[in-house]
Amino acid sequence: MSDIVKFEDLHDRILELRDEKVLLDADVAQIYVVETRDINKAVSNNPDKFPAGYVIELSKAEKNELVENFHRFNRLKHSTVNPKAFPEKGLYMLATILKSPQAVQATWR
């Protein structure tokens, strides 16, 4: 896992997807200092906490568009799994489930 993401660096990671500002699961994992698989496991193990609008699974076309337009998403090019995106309410819900100190701190704000 790389260095902790600073708050002022978040604006560079925010994407607009389906008319919502979101962060992708890999970026959320880096912010909360967990693995991306932990993010996805939290969502799949707690479906009642992620109703419609709390998490967006990107379509294959959306994923391909990200890979084509943003160099930092090249790691997704050969992935068989479509990434998930989280709007603010999904990020907050995720932070209440994850156990990392960074995720816990996110709920204090």
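**Exercise 1. Determine which residue in E2 stands opposite Glu-16, and describe how the strands are joined.**

Solution. Glu-16 faces Lys-21, a residue of strand E2. Strand E1 covers residues 15–17 and strand E2 residues 20–24; the two run antiparallel and are joined by three bridges. Strands (E, at least two residues) and helices (H or I, at least four) are DSSP runs numbered from the N terminus, and two strands pair if DSSP finds at least two bridges between them. The model is predicted: local features need pLDDT of at least 70, side-chain atom pairs count only at pLDDT 80 or more, and totals for chains, interfaces and linings use all residues. Residues are numbered from 1 along each chain as its sequence is written, and side-chain values use heavy atoms, with hydrogens and water left out.

Next, consider the turn. E1 and E2 form a hairpin with two residues between them. Arg-18 lies in this loop and has a positive phi of about 55 degrees although it is not a glycine.

Finally, E2 is also joined to strand E4 (residues 84–86) by two bridges, and these strands run antiparallel. Here Leu-23 has Phe-86 in E4 as its bridge partner.

**Exercise 2. Identify the salt bridges of Asp-27 and state where the partners lie.**

Solution. Side chains of opposite charge can pair when their charged atoms come close. A salt bridge requires a side-chain nitrogen of Lys or Arg within 4 Å of a carboxyl oxygen of Asp or Glu. By this rule there are three salt bridges.

Step 1. Asp-27 pairs with Arg-13, with the closest N and O atoms 2.8 Å apart. Asp-27 belongs to helix H1 and Arg-13 to the segment before E1, so the pair ties together parts that are 14 residues apart in sequence.

Step 2. Arg-72 also forms a salt bridge with Asp-27, at 3.1 Å between the closest N and O atoms. This pair links distant parts of the chain, since Arg-72 is in the loop between H3 and E4 and Asp-27 in helix H1, 45 residues apart.

Step 3. Arg-13, Asp-27 and Arg-72 are therefore linked in a network of salt bridges.

Step 4. Burial is assigned from relative accessible area: buried is under 20%, exposed over 50% and partly exposed in between (1.4 Å probe, protein chains only). Asp-27, at 2%, is buried, and Arg-13 is buried as well. Arg-72, at 30%, is partly exposed.

**Exercise 3. Locate the partner of Glu-62 and classify both residues by accessibility.**

Solution. Glu-62 meets Arg-18 in a salt bridge of 2.8 Å, N to O. Glu-62 lies in helix H3 (residues 60–69) and Arg-18 in the loop between E1 and E2, so the pair ties together parts that are 44 residues apart in sequence. With 19% relative accessibility Glu-62 counts as buried, whereas Arg-18, with 47%, counts as partly exposed.

**Exercise 4. Describe how H1 packs against H2.**

Solution. Helix H1 (residues 25–32) and helix H2 (residues 36–45) pack at about 105 degrees, with their axes 8 Å apart. Axes are lines fitted to C-alpha atoms, for helices over the stretch in contact, and angles run from 0 to 180 degrees between N-to-C directions. The helices are therefore roughly perpendicular (65 to 115 degrees).

Asp-25, Ala-26, Val-28 and Ala-29 in H1 meet Thr-36, Ile-39 and Asn-40 in H2, contact meaning heavy atoms within 4.5 Å.

The loop between H1 and H2 contains Val-33, whose phi is positive, near 55 degrees, in a residue other than glycine. Val-33 is partly exposed, at 33% relative accessible area.

Key. Angles under 35 degrees count as roughly parallel, over 145 as roughly antiparallel, 65 to 115 as roughly perpendicular and the rest as oblique.
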